[in-house]
Amino acid sequence: MRKILQISVIITLLFACKNESKKEVKDEHQHNAVEKTETQKKKPLSPHTSTMAMIGDAHIHIDYSSPGVRDRIIFGGLLAYDQVWQAGAHMATWVETNKDLQIEGKTLPAGKYGFFTIPSKEEWTVIFNSNWEQHGKDEYDEKDDVIRFKIKPNFSEEIKEQLEYKVNKIDDNNGSISLAWEKVKIEFPFKINQ
């Protein structure tokens, strides 16, 4: 009788361990599936990106976060006209060059700069600021501007969903920088100082 009782206890324990092991595997699979789904859901709304180009010996690099339009009115809506904008999302957009550039008759010395704009209906102000590492425009100060100039925006009927910068090579001494988002595009030329 005692042996039968011992055998039945052993059998009960084996089944209990086997079921617990199956439960742990099942729980782990469910946990991994939930983690994977949450990771997929948390795709950034304004992904961090960059663009760069070699123009002659000059290396031009632009680093920014690229917000989406997402059915919003951007210029004159989400972004008020005549206000400083960090020309991207989150951290201020920055531009780095290893050569001096001539832009609108002004010299931008080799270095790294915060890139800001002041959008308006008729013309934009483009700003290269010495404070390149800041959140948004929280620390923007006009006294740190290295160069600023005005430019006319171009308008399109087609919507550019994600903010996009491009550095375009014209030849070994000349290029252009463009910013396009929503229905607006600005573009300005630069020349490499040799």
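**Entry 1. Asp-141, Lys-143 and Asp-144**

I began with a salt bridge between the side chains of Asp-141 and Lys-143, where N and O lie 3.9 Å apart. The model I am reading is a predicted one. The pair still passes, because the cut-off for a salt bridge is 4 Å from nitrogen to carboxyl oxygen. I then looked for other partners of the lysine and found Asp-144, whose salt bridge with Lys-143 has its closest N and O atoms 3.5 Å apart. I therefore noted Asp-141, Lys-143 and Asp-144 as one network of salt bridges.

How exposed are the members of this group? I looked up two of them. Lys-143 has a relative accessibility of 66% and is exposed. Asp-141, at 31%, is partly exposed. The two fall in separate classes because exposed requires over 50% and partly exposed starts where buried ends, at 20%.

**Entry 2. Other salt bridges**

I checked the total: the structure holds 7 salt bridges. One of them joins Lys-169 to Asp-172, with 3.0 Å between the closest N and O atoms. Asp-172 is partly exposed, at a relative accessible area of 46%. As a reminder to myself, side chains of opposite charge can pair when their charged atoms come close.

**Entry 3. The chain as a whole**

I stepped back to count elements and found 1 helix and 10 strands. Along the sequence the helix comes before the strands, in the pattern α-β-β-β-β-β-β-β-β-β-β. The chain has 194 residues, and 37% of them are buried. Its accessible surface is about 12100 Å², with 53% of that belonging to carbon and sulfur atoms. Of the contacts with a separation of 6 or more, 54% are between residues 24 or more positions apart.

**Entry 4. The six-stranded sheet**

I traced an open sheet of 6 strands in the order 1-2-3-6-7-8, with antiparallel pairing. Its edges are strand 1 and strand 8 (145-151), each of which pairs on one side only. From one strand to the next the twist averages 20°.

At one edge, strand 1 (residues 48-55) runs antiparallel to strand 2 (residues 58-65), and 8 bridges join them. Within this pair I located Thr-49 opposite Tyr-64 of strand 2. Strands 1 and 2 form a hairpin with 2 residues between them. I checked the turn and noted that Gly-56 has a positive phi of about 65°.

At the other edge, strand 7 (residues 124-129) is joined to strand 8 by 6 bridges, again antiparallel. Here Val-126 stands opposite Phe-149 of strand 8.

**Entry 5. Arg-148**

I picked Arg-148 in strand 8 for a closer look. Is Arg-148 buried, partly exposed or exposed? With a relative accessible area of 27%, Arg-148 is partly exposed, because buried would need under 20%.

I listed the contacts of Arg-148 beyond its neighbours within four places in sequence: Lys-106, Ile-118, Thr-125, Val-126, Ile-127, Tyr-140 and Glu-142. For Ile-127 I also looked up the C-alpha distance to Arg-148, which is 4.4 Å across 21 residues of sequence. For Tyr-140 I found a polar contact of 3.0 Å between its side chain and that of Arg-148.

**Entry 6. The four-stranded sheet**

I then turned to the second sheet, an open one of 4 strands in the order 5-4-10-9, with antiparallel pairing. Strand 5 (106-108) and strand 9 (154-169) are its edges, each pairing on one side only. Neighbouring strands here are turned by 40° against each other on average, direction ignored.

Inside this sheet, strand 4 (residues 101-103) and strand 10 pair in the antiparallel sense over 2 bridges. I checked that this counts as a pair because the minimum is two bridges. Leu-101 stands opposite Ile-192 of strand 10.

**Entry 7. Ser-178**

Where does Ser-178 sit? I found Ser-178 in strand 10 (residues 174-192). At 4% relative accessibility, Ser-178 is buried, because the limit is under 20%.

Which residues touch Ser-178, leaving out those up to four places away in sequence? My list has Glu-164, Tyr-165, Lys-166 and Asn-168, followed by Lys-185, Ile-186 and Glu-187.

Methods. Residues numbered from 1 in each chain as written. Predicted model: local features only at pLDDT ≥ 70, side-chain atom pairs only at ≥ 80, totals over all residues. Heavy atoms only, no water. Buried < 20%, exposed > 50% of the residue type's maximum accessible area, 1.4 Å probe, protein only. Contact = heavy atoms within 4.5 Å. Areas by Shrake-Rupley, 256 points an atom, 1.4 Å probe, with all protein chains shown as cover. Axes fitted to C-alpha atoms, helices over the stretch in contact; angles between N-to-C directions. Polar contact = N/O pair within 3.5 Å; in protein donor to acceptor, adjacent residues only side chain to side chain.
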